[in-house]
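Colleague: I am new to this structure and should be grateful for a close look at one part of it. Please choose a single residue in the interior, describe its surroundings, and then lead outward from there.

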Amino acid sequence: RFDKKKAQPAHNDTILAMDVLPPGVRAPFDHAWGYLQPGHDMEGHAHPTEEIYFFHKGRGVVVVGDEEHPVEAGDVVEIPPDTYHTVRNPSNDELYWFALWWEPVE
């Protein structure tokens, strides 16, 4: 579970993040929880890895490329490699998600 006390600033201090899996668990992907305060946006970015966001709590907006979609707990969003993406939290509630990313498989 996400713990603000253990989380670290990420994406130029626009979110708090921490590992999803406990230490010692090996996985074929990287992982992180994301936490976004009410009224804040995560720094937009792109990278060469494939990524999936699993929204856990709250409501927000995810931007992937030119598309913008509302998201809430239970939603899953795929982010293709080298595609600009960000998360926005225009609500008055905290927004939590976890991300998994890996090198593309050809």
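Modeller: Let us begin with phenylalanine 55 in this predicted model. Leaving aside neighbours within four places in sequence, phenylalanine 55 is in contact with Val62, Val71, Glu72, Ala73, Gly74, Asp75, Val77, Val87, Leu95, Tyr96 and Trp97.

Several of these names return when the nonpolar core is examined. The largest nonpolar core has 15 residues, and those that touch the most other members are Tyr53, Phe55, Val62, Val77, Val87 and Trp97. Strands β2, β5 (50-57), β6 (59-64), β8 and β10 each contribute at least two residues to this core. The largest share, three residues, is supplied by β10. As a general background, nonpolar side chains tend to be buried together in soluble globular proteins.

Valine 71, one of the contacts of phenylalanine 55, deserves a closer view. Valine 71 belongs to strand β7 (residues 67-72). With a relative accessibility of 5%, valine 71 counts as buried, because the limit for that class is under 20%. Not counting residues up to four places away in sequence, valine 71 touches Phe55, Gly58, Arg59, Gly60, Val61, Val62 and Val77. The C-alpha atoms of valine 71 and valine 87 are separated by 9.3 Å, and these two residues are 16 residues apart along the chain.

Arg59, among the contacts of valine 71, is also touched by serine 91. The place of serine 91 is in the loop between β9 (85-89) and β10. Apart from neighbours within four places in sequence, serine 91 is in contact with Pro38, Gly39 and Arg59. A polar atom of the serine 91 side chain lies 3.1 Å from the backbone oxygen of aspartate 93.

The strands can now be placed in their sheet. Six strands form an open sheet in the order β1-β2-β3-β10-β5-β8, with antiparallel pairing. Its edge strands are β1 and β8 (76-79), each of which pairs on one side only. From one strand to the next, the twist averages 30°. Within this sheet, three bridges join the antiparallel strands β2 and β3, and methionine 18 stands opposite tryptophan 33 in β3. In general, strands of a sheet pair through backbone hydrogen bonds, either parallel or antiparallel.

Tryptophan 33 leads to another part of the interior. A second, separate core of six residues includes Phe2, Ala7, Trp33 and Tyr35. Three of these names, Phe2, Trp33 and Tyr35, also occur in a cluster linked by ring pairs, together with Phe54, Tyr96 and Phe98.

A search of the whole structure finds nine aromatic pairs. One of them joins phenylalanine 2 and tryptophan 33 in an edge-to-face arrangement, at 6.4 Å centre to centre and with 65° between the planes. Phenylalanine 2 lies in the segment before β1 (8-10) and tryptophan 33 in strand β3 (residues 30-36), so this pair ties together parts that are 31 residues apart in sequence. Phenylalanine 2 counts as buried at 15% relative accessibility, and tryptophan 33 is buried as well, with a relative accessible area of 8%.

Tyrosine 35 and tyrosine 96 form an aromatic pair that is tilted, with 5.2 Å from centre to centre and 55° between the planes. This pair links distant parts of the chain, with tyrosine 35 in strand β3 and tyrosine 96 in strand β10 (residues 95-102), 61 residues apart. Tyrosine 35 is buried, with a relative accessible area of 5%, and tyrosine 96 counts as buried at 12% relative accessibility. Tyrosine 96 also returns the account to its starting point, being among the contacts of phenylalanine 55.

A loop beside the edge strand β1 completes the description. Histidine 11 is placed in the loop between β1 and β2 (15-18), and asparagine 12 lies in the loop between β1 and β2 too. Most residues other than glycine have a negative phi. Histidine 11, however, has a positive phi near 50°, and the phi of asparagine 12 is positive also, near 55°. Histidine 11 counts as partly exposed at 28% relative accessibility, whereas asparagine 12 counts as exposed at 62%.

Key:
Residues are numbered from 1 along each chain as its sequence is written. This is a predicted model: local features need pLDDT of at least 70, side-chain atom pairs count only at pLDDT 80 or more; totals for chains, interfaces and linings use all residues. Side-chain values use heavy atoms; hydrogens and water are left out. Rings of Phe, Tyr and Trp (its six-membered ring) pair if their centres lie within 6.5 Å; planes under 30 degrees apart count as stacked, over 60 as edge-to-face and the rest as tilted. Helices (H or I, at least four residues) and strands (E, at least two) are DSSP runs, numbered from the N terminus. Buried means under 20% relative accessible area, exposed over 50%, partly exposed in between (1.4 Å probe, protein chains only). Two strands pair if DSSP finds at least two bridges between them. Axes are lines fitted to C-alpha atoms, for helices over the stretch in contact, and angles run from 0 to 180 degrees between N-to-C directions. A nonpolar core is a set of buried Ala, Val, Leu, Ile, Met, Phe, Trp, Tyr and Cys residues joined through side-chain atoms within 4.5 Å. Contact means heavy atoms within 4.5 Å. A polar contact is a pair of N or O atoms within 3.5 Å; within protein, one must be able to donate a hydrogen and the other to accept it, and residues adjacent in sequence count only if both atoms are side-chain atoms.
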